[in-house]
Structures are given as structure tokens and as C-alpha cells.
Amino acid sequence: MIFFQVLGLLVWILIASTEYFSVSAFGWVMFVAVFYWVLTVFLLIFYITMAYTKIPQVPWTTVGLSFNASAALMYLLASIVDAISIKQAREGTHNYNSWVASTVSQFWIYLILTSSCG
């Protein structure tokens with residue numbers, strides 16, 4: 001979960017440090033990165049404080065599986081959108097390099113999430 005946090009933050013930083021607002025698809029990529037990063041922080045705090053033991057009515061395994069499955073799907077779609085949108089930047093520029101790195105990071109997040117769903 002910590003590795004997922006680091007990669008999610010990396011995607012967020014890589015996209016935010018560019019002129020992502022010039023390509024509308026990157027707004028959605030930013031939404032996915034920020035939304036799931038915040039949810040992961042929330043779930044990590046829940047796990048560290050063992051607050052889940054105080055709410056036994058919630059099926060936490062199902063919650064975790066649902067979170068990982070939805071995050072994997074959204075990160076896969078975001079990495080595809082990111083990869084398709086890269087062509088709008090010139091090769092060798094800061095935007096191009098950051099967008100390529102964010103695509104690779106999102107794909108790694110997808111692989112981590114799919115491996116934790118099984």
C-alpha cells in the first residue's frame with residue numbers, strides 16, 4: 001500500500017508539473033490520480049489505526065477487493081488516455097518526458113493493483 005501511495009503521488013506530481021490544462025484528457029487523468037490517492041490515504045489510516053475492528057458489520061475484504069478492482073480499471077483507462085495524449089507534446093520537452101513517466105507509473109500501479117486483487 002505504501003508503494004501504491006508513492007507511485008500515485010508520483011503520477012500526480014508528474015502531471016501537475018506540466019501544462020496539463022492544455023490537453024483536456026489530462027484533467028481526467030489528474031482526477032483519477034488524486035481521487036484514488038486520497039482514498040488510499042484514508043484506507044491506510046483506517047488500517048494503521050485498526051479502526052476497521054470497531055466496525056465489524058462492514059465486509060472489509062469486499063471493500064478492499066472492490067477498491068483495488070475499481071482503482072485498477074480506472075488506472076488502466078487513465079494510462080491509456082495518458083499514452084494517447086502524449087502525441088500532443090513535442091518529443092524531448094518537459095511535458096513529453098513527464099507525461100511518458102506518468103504513463104509508465106500508472107501502468108505499474110495497474111499491475112500492482114491487479115496482483116493484489118487475486
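## Exercises on a four-helix chain

In helix 2, the buried residues are Phe-26, Val-29, Met-30, Val-32, Ala-33, Tyr-36, Thr-40, Leu-43, Leu-44 and Phe-46. The model is predicted.

**Exercise 1.** Describe the secondary structure and the overall span of the protein chain.

*Solution.* Start with the elements. The protein chain has 4 helices and 0 strands. Read along the sequence, the pattern is α-α-α-α. Next, take the span. Along its principal axes, the C-alpha trace covers about 50 × 25 × 20 Å. Then turn to burial. Of the 118 residues in the protein chain, 34% are buried. Finish with the contacts. Take those between residues at least 6 apart in sequence: 76% of them join residues at least 24 apart.

**Exercise 2.** Compare the reach of helix 2 with the expected value.

*Solution.* Count first: helix 2 has 24 residues. At 1.5 Å a residue, the expected value is 34 Å. From first C-alpha to last, helix 2 reaches 35 Å, which is close to that value.

**Exercise 3.** Decide how helix 1 and helix 2 are oriented to each other, and find what makes their contact.

*Solution.* Locate the helices. Helix 1 runs over residues 2–16 and helix 2 over residues 25–48. Their axes come within 9 Å and cross at roughly 150 degrees. Apply the cut-off: angles over 145 degrees count as roughly antiparallel. The two helices are therefore roughly antiparallel to each other. Add the handedness: helix 1 passes helix 2 in a left-handed crossing.

Now list the partners. Helix 1 contributes Ile-2, Phe-4, Gln-5, Gly-8, Leu-9, Val-11, Trp-12, Ile-15 and Ala-16. Helix 2 contributes Phe-26, Val-29, Met-30, Ala-33, Val-34, Tyr-36, Trp-37, Thr-40, Val-41 and Leu-44. Sort them by class: 16 are nonpolar, 3 are polar and none is charged.

**Exercise 4.** Examine Met-50, which follows helix 2.

*Solution.* Place the residue: Met-50 lies in the loop between helix 2 and helix 3. Check its backbone. Its phi is positive, at about 55 degrees, although Met-50 is not a glycine. Set this against the general rule. Most residues other than glycine have a negative phi. Last, check accessibility. Met-50 counts as partly exposed because its relative accessibility is 43%.

**Exercise 5.** Classify Pro-56 as buried or exposed, then relate its position to Thr-40.

*Solution.* Pro-56 sits in the loop between helix 2 and helix 3 (60–85). Its relative accessibility is 63%. The cut-off for exposed is over 50%, so Pro-56 counts as exposed. Now compare positions. Pro-56 and Thr-40 are 16 residues apart in sequence. In space, they are 20 Å apart, C-alpha to C-alpha.

Definitions and conventions
Residues numbered from 1 in each chain as written. Predicted model: local features only at pLDDT ≥ 70, side-chain atom pairs only at ≥ 80, totals over all residues. Heavy atoms only, no water. Axes fitted to C-alpha atoms, helices over the stretch in contact; angles between N-to-C directions. Parallel < 35°, antiparallel > 145°, perpendicular 65-115°, else oblique. Left-handed = near helix turned anticlockwise from the far one by under 90°. Contact = heavy atoms within 4.5 Å. Nonpolar A, V, L, I, M, F, W, Y, C, P; charged D, E, K, R; others polar. Buried < 20%, exposed > 50% of the residue type's maximum accessible area, 1.4 Å probe, protein only. Expected span 1.5 Å × (residues − 1).
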